[in-house]
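Me: Please take a close look at one part of this model. I would like a connected account of a single strand and its surroundings.

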Amino acid sequence: MKKIAAAWLIFAFFFISASFAGEIIKAEVDKLKAATDEEIIYKLNIILEKNTRSNPQLPDFKGFKVISQAQSTTVSFQEGQSDILMTHVYILIPVAAGKFTIGPSSIKVDGKVYSTPSFEIEVTQGKKPPRPEPDQESDEDGSDAEAPEFTL
């Protein structure tokens, strides 16, 4: 089982590496049109040489609430050289209907700045009302303002 998992990780890294075709940073969203009650997934992949120390500049996600985020790092050794693949994943919920732009992410490597394109997301009103902004969700003591309602 461990051999299968290791083989899958190696395959996934080479597949992602090949899809970059010389790119250092690549961003994508799973949809450009969504409703206020739908999630949008923003994924950022960065490939660096092992000795490179650089952190990406992420967009501010204005118009969206980040409800979950994850980061993973994979190190690959090939022909005496090692590369690092960093993946950042953000699950977003729109805070209102309208058109919103997720700005570019960027990273500075050896004095050169590499950037991703921006994404314009068209958000329509969903069936459920939009989720409140984070500062509206809790009282001063940090507890939820209202208990959720459950119906059977």
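Along β1 the side chains alternate. Which of them are buried, and where does β1 stand in its sheet?

Reply: This is a predicted model. Start with the side chains. In a regular strand they alternate between the two faces of the sheet. β1 follows that pattern. Ile 25, Ala 27 and Val 29 point to one face, and these three are buried. Lys 26 and Glu 28 point to the other face and are not buried. Buried here is under 20% relative accessible area.

Now the sheet. It is open and has four strands, in the order β1-β3-β5-β4. The pairing is antiparallel. β1, residues 25-29, and β4, residues 64-78, stand at the edges. Each has a single partner strand, so one side of each is left without a neighbour in the sheet. On average, neighbouring strands of this sheet are turned by 15° against each other, direction ignored.

Next, the partner. β1 pairs with β3, residues 40-49, in the antiparallel sense. Five bridges join the two strands. Two positions show how the strands line up. Ile 25, one of the buried residues of β1, stands opposite Ile 46 in β3. Lys 26, which is not buried, has Asn 45 of β3 as its bridge partner.

To sum up, β1 is an edge strand. It is paired to β3 over five bridges. Ile 25, Ala 27 and Val 29 are buried on one face, while Lys 26 and Glu 28 on the other are not.

Note on methods: Residues are numbered from 1 along each chain as its sequence is written. This is a predicted model: local features need pLDDT of at least 70, side-chain atom pairs count only at pLDDT 80 or more; totals for chains, interfaces and linings use all residues. Side-chain values use heavy atoms; hydrogens and water are left out. Two strands pair if DSSP finds at least two bridges between them. Axes are lines fitted to C-alpha atoms, for helices over the stretch in contact, and angles run from 0 to 180 degrees between N-to-C directions. Buried means under 20% relative accessible area, exposed over 50%, partly exposed in between (1.4 Å probe, protein chains only).
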